[in-house]
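Trainee: Could we go through this protein together? I would like to know what lies behind the words people use for it.

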Amino acid sequence: DAELRMGRGNSGKLVTEVKRALYDAAGEAQLAIIDGSPGVGCPVMASMNGVSLALIVTEPSVSGFGDMQRLVRTAVCVNRADVSPELSADIERWCAEQGVPFLGRVPFDRSAQRAINEGRSVADMDCPARAALYDVFIKAMELLDIKMTDKETKKL
């Protein structure tokens, strides 16, 4: 693994090397989840190269909407959707017009923000953002035609 840090010279080459190591280590694994960096730069493109599904998490802002339109290839969800319901609706409408699967809206959630600031995972929280992310994950698995057992679903 590697860690890309904000404000540092991040390179698509580093992402490519980490992904190569992931593929080597994954063996026969059915699923690998890659969390890419924000924006539309080289690390983002390297993160998306060769994937079966890209879930683009956008924010309801003009720049977020523009970046999403340049990146979108497969599926979209809106993060902090309630910050700008109008732009969130525009994003969802655009996805429908383009035939792009729209997987859901994640609300702004202060408890999720606190968890992230404390270095904890939102997946470990009982909050609205976690519930919305769970729904997005399930829809992404359906898009990939990956069947999850009840036992696997309960682990989430």
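Mentor: Happily; here are some questions and answers on the fold, the cores and a few residues. Keep in mind that this is a predicted model.

Trainee: What makes up the fold, and in which order do the elements run?

Mentor: The protein chain has 7 helices and 3 strands. From the N terminus on, they follow the order α-α-β-α-β-α-β-α-α-α.

Trainee: Why is the chain called as compact as a globular protein of its length?

Mentor: Set two values side by side. The radius of gyration is 16 Å, and the globule rule gives 15 Å for 156 residues; the two are close, so the chain is as compact as a globular protein of that length. Along its principal axes, the C-alpha trace spans about 45 × 40 × 35 Å.

Trainee: What share of the residues counts as buried?

Mentor: Of the 156 residues, 31% do. The accessible surface comes to about 10,300 Å², and carbon and sulfur atoms account for 51% of that surface.

Trainee: How do you know that parts distant in sequence meet in the fold?

Mentor: Look at contacts between residues at least 6 apart in sequence: 50% of them join residues at least 24 apart.

Trainee: And where do the charges sit on average?

Mentor: There are 19 positive and 22 negative charges, and their mean positions are 3 Å apart.

Trainee: What makes a group of residues a nonpolar core?

Mentor: The residues must be buried, nonpolar by the list used here, and joined through side-chain atoms within 4.5 Å. The largest such core has 16 residues, and those with the most contacts inside it include Phe65, Met68, Ile91 and Trp94. Two or more residues each come from helix 2 (42–48), helix 3 (62–71), strand 2 (75–79) and helix 4 (85–98). Helix 4 gives the most, with 4 residues. In general, nonpolar side chains tend to be buried together in soluble globular proteins.

Trainee: Which residues does cysteine 95 contact, beyond its neighbours within four places in sequence?

Mentor: Cysteine 95 is in contact with Val76, Val100 and Phe102. There is also a second, separate core of 9 residues, with Leu53, Cys77, Val136 and Ile146 among them.

Trainee: Why does isoleucine 146 count as buried?

Mentor: The cut-off for buried is under 20% relative accessible area. Isoleucine 146 has 15%, so it counts as buried. Isoleucine 146 lies in the loop between helix 6 (128–143) and helix 7 (150–155). Leaving out neighbours within four places in sequence, isoleucine 146 is in contact with Gln30, Leu31 and Met141.

Trainee: What makes serine 111 buried as well?

Mentor: Use the cut-off again: serine 111 has 17% relative accessibility, which is under 20%, so this residue counts as buried. Serine 111 sits in helix 5 (residues 110–117). Residues up to four places away in sequence aside, serine 111 touches Met125 and Cys127.

Trainee: Why is arginine 130 called partly exposed?

Mentor: Partly exposed covers the range between under 20% and over 50%. Arginine 130 has 23% relative accessibility, so it falls in that range. Arginine 130 is found in helix 6. Apart from neighbours within four places in sequence, its contacts are Val122, Ala123, Met125 and Leu156.

Trainee: How far apart along the chain are arginine 130 and leucine 156?

Mentor: They are 26 residues apart along the chain, with C-alpha atoms separated by 9.8 Å.

Definitions and conventions
Residues are numbered from 1 along each chain as its sequence is written. This is a predicted model: local features need pLDDT of at least 70, side-chain atom pairs count only at pLDDT 80 or more; totals for chains, interfaces and linings use all residues. Side-chain values use heavy atoms; hydrogens and water are left out. The radius of gyration is taken over C-alpha atoms; the globule rule is 2.2 Å times the number of residues to the power 0.38. Buried means under 20% relative accessible area, exposed over 50%, partly exposed in between (1.4 Å probe, protein chains only). Contact means heavy atoms within 4.5 Å. Accessible areas come from the Shrake-Rupley method with a 1.4 Å probe; for residues, only the protein chains shown count as cover. Lys and Arg count as positive and Asp and Glu as negative; His and the chain ends are not counted. The place of a charge is taken as NZ of Lys, CZ of Arg, CG of Asp or CD of Glu.
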